[in-house]
Every structure is written in structure tokens, then in C-alpha cells.
Amino acid sequence: MSDKTIEERAQGRCPVIEEDYTLDRPAFWHFANLDRVRETAPIVANSFAHQYWMITRYDDVLAALSDPRLSNDPHNSSALTEVLRGDFLSRSMIGADPPEH
């Protein structure tokens with residue numbers, strides 16, 4: 001796991017946002033907000049809470065999902081703690097790479 005913050009890792013590569021998507025918001029707020037983020041850049045780093053990267057455009061998401069260098073399986077991430085690796089998503093289809101998914 002890198003000792004650098006997500007802001008440091010994203011510097012010069014992509015914008016950094018800080019958005020808590022778990023808050024209760026007005027109906028349809030997320031659609032307008034995600035449209036704004038999508039217009040900002042194809043990839044953004046979210047520095048809120050667990051810190052993660054967001055691929056915002058459909059074609060880029062498809063390309064990332066089919067790229068064997070990238071993994072959806074939490075067990076392949078050195079950035080996650082054992083607790084996060086063992087959560088529900090790591091045992092579901094969402095957290096699986098082909099051919100299991």
C-alpha cells in the first residue's frame with residue numbers, strides 16, 4: 001500500500017473530488033452531480049472516506065472492465081485491509097473477475 005495520499009497519487013493525472021455519496025440528498029441529486037463529475041474528467045479520485053478512483057464514462061468503464069491488468073477482486077488489492085477484503089462484495093459476483101463473474 002502506498003504511503004501517499006490519494007491527492008498525491010492523482011496529482012498531474014486527474015482531478016480530485018471530495019464527495020460523500022452516502023448522504024441523504026434530494027431526489028435525483030446524484031444524477032446531476034455525476035453528470036458534473038463526468039464532464040470534469042474521464043477519471044477522478046474521490047478523497048472522501050475510503051478514497052477511491054471513479055471512471056465516469058461508459059466506454060472507459062467497458063475498457064477498464066475488459067483490461068486484464070485491472071482487477072475487480074478485492075483480494076488482488078494491496079490497498080485494502082483484511083476486513084475490507086472479507087466483506088460481502090468480495091464474496092459476490094460484483095467482486096469477482098472472469099471467469100468467476
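**Exercise 1.** In this predicted model, find which residues Arg57 is in contact with, leaving aside its neighbours within four places in sequence, and decide whether Arg57 counts as buried, partly exposed or exposed.

*Solution.* Begin with the place of Arg57, which is in the loop between E3 and helix H3 (58–65). Leaving aside neighbours within four places in sequence, the residues in contact with Arg57 are Arg38, Glu39, Ala41 and Pro42. For one of these, Arg38, the separation along the chain is 19 residues, while the C-alpha atoms of Arg57 and Arg38 are separated by 6.5 Å. Finally, partly exposed covers the range between under 20% and over 50%, and Arg57, at 32% relative accessibility, therefore counts as partly exposed.

**Exercise 2.** Work out the order of the strands in the open sheet, and explain why one side of E1 and of E3 is left without a neighbour there.

*Solution.* The sheet is open, has 3 strands in the order E1-E2-E3, and shows mixed pairing. Strands E1 (16–17) and E3 (52–55) stand at the edges with a single partner strand each, so one side of each has no neighbour in the sheet. E1 and strand E2 (residues 43–46) run parallel and are joined by 2 bridges, and Ile17 stands opposite Asn46 in E2.

**Exercise 3.** Describe the surroundings of Val16, starting from the strand in which Val16 is found.

*Solution.* Val16 belongs to strand E1. Not counting residues up to four places away in sequence, Val16 touches Glu7, Ala10, Ala45 and Ser47. Val16 and Ile43 lie 27 residues apart in sequence, and their C-alpha atoms are 9.3 Å apart in space. With a relative accessible area of 35%, Val16 is partly exposed.

Note on methods: Residues numbered from 1 in each chain as written. Predicted model: local features only at pLDDT ≥ 70, side-chain atom pairs only at ≥ 80, totals over all residues. Heavy atoms only, no water. Pairing = 2+ DSSP bridges. Helix = DSSP H or I, 4+ residues; strand = E, 2+ residues; numbered from the N terminus. Buried < 20%, exposed > 50% of the residue type's maximum accessible area, 1.4 Å probe, protein only. Contact = heavy atoms within 4.5 Å.
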